[in-house]
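Here is a friendly tour of the metal sites and the ligand pocket in one protein model. Please keep the sequence and the 3D view open as you read.

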Amino acid sequence: MERVCQLAAQTLAHTGKFVKPGVTTNELDRIANDFMLSHSAVSACIGYHGYPKAICTSVNEMICHGLPNDVPLKDGDIVNLDVTALQNGFFGDTSATFFVGQVSEKARKITEAAHGAMMAGIEAITPNGTTGDIGFAVNKFVTKAGYFAVREIGGHGIGNVFHGDPFVPSFGKKGRGDRLKVGTCLTVEPMLNETNTEFIEHDIPGSTVKEYTTADKCLSAQFEHTVYISENGPVILTLN
Ligand code: MF3
Ligand code: CO
Ligand code: CO
């Protein structure tokens, strides 16, 4: 897990360097895929429930699972790049929201809040804690910052499967939910919206994975780390 998570983190950082106005998300997809292949890993996304691309690229109001396309990124956009690598049977999953050129203050603020929310969730992990501890900490941070955490989608157990138990919510009550097990890994990946909007599903041809956007087109931002639960607390495996 350490190795594949480091590779996922390196892929994300490498690909992120190419984010600028005029680049297309298909170009970023190709860069990420080539990086994984040249480091003896593959994308876990290609073919996952029919998903056709190597990474997810979620621009502005896209909440998650944005399918790379040929539309050039514009100055002022924010884009989440979500990389999941597979190496020797293990999965490493990490994402970050990047700025395209100069962004507005509101774009910068929700992006910073998304990072803070993820870190608050990770810091709430204790060896005998629960998923509710994580969700509580995330939601508290998000609410204080003036944003809305997406409830329907969240983090997940990960290891020799891409998406396993437990579900890691971005809301909850301390002490509730599933118990966190020492020696396992999970992701913390809160999605923050500017408003309390519904989300809209969009089909991806040939896949049961859906893209999700905010119904009112408000901005959405996300960060994700894969975390190992040690007897001394959380260890972030996808740090750069
Ligand atoms: N990486 C996403 C997650 O954080 C899942 C992407 S699934 C895909 O769980 F099929 F869209 F790639
Ligand atoms: Co994930
Ligand atoms: Co991910």
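In this predicted model, the site of the cobalt ion (ligand 3) is irregular, with angles of 57 to 166° among its six donor atoms. For orientation, six octahedral donors would ideally give angles of 90 or 180 degrees. Asp82 contributes two OD entries to the coordination of the cobalt ion (ligand 3), joined by Asp93 (OD) and Glu224 (OE), at 2.1 to 2.4 Å. Along the chain, these donor residues follow the spacing D-x10-D-x130-E.

What about the other cobalt ion? The cobalt ion (ligand 2) is held by Asp93 (OD), His156 (NE2), Glu189 (OE) and Glu224 (OE), at 2.0 to 2.2 Å. Its arrangement counts as irregular because the six donor atoms subtend angles of 51 to 162°. An octahedral label would require angles between neighbouring donors to lie between 65 and 115 degrees. The donor residues of the cobalt ion (ligand 2) are spaced D-x62-H-x32-E-x34-E in sequence.

How far apart are the cobalt ion (ligand 2) and the cobalt ion (ligand 3), and which residue coordinates both? They are 3.3 Å apart, and Asp93 is a ligand to each of them. Glu224 likewise appears in the donor list of the cobalt ion (ligand 3) and in that of the cobalt ion (ligand 2).

Now to ligand 1, which takes up the space of the largest pocket. Its shell has 14 residues, and the closest are Cys45, Asp82, His163, Glu189 and Glu224. By class, that shell comprises six nonpolar, four polar and four charged residues. Three side chains have polar atoms close to oxygen atoms of ligand 1, as listed here.

| Side chain | Distance to an oxygen atom of ligand 1 |
|---|---|
| His163 | 2.7 Å |
| Glu224 | 2.9 Å |
| Asp93 | 3.1 Å |

Taken alone, ligand 1 exposes 340 Å², and the protein buries 96% of that area. Two residues in the table also serve the metals: Asp93 coordinates both cobalt ions, and Glu224 is a donor to the cobalt ion (ligand 2) as well as to the cobalt ion (ligand 3).

Note on methods: Residues numbered from 1 in each chain as written. Chains lettered and ligands numbered in written order. Predicted model: local features only at pLDDT ≥ 70, side-chain atom pairs only at ≥ 80, totals over all residues. Heavy atoms only, no water. Near = heavy atom within 4 Å. Polar contact = N/O pair within 3.5 Å; in protein donor to acceptor, adjacent residues only side chain to side chain. Areas by Shrake-Rupley, 256 points an atom, 1.4 Å probe, with all protein chains shown as cover. 1 Å grid on protein atoms, 1.4 Å probe; cavity = no way out; pocket = protein on both sides within 12 Å on 5 of 7 lines; lining within 4 Å. Sits in = over half its atoms within 2 Å of the grid points. Nonpolar A, V, L, I, M, F, W, Y, C, P; charged D, E, K, R; others polar. Donors = N, O, S within 2.8 Å, 3.2 Å for Na, K, Ca; no water. Tetrahedral: all angles 85-135°; square planar, octahedral: opposite > 155°, others 65-115°.
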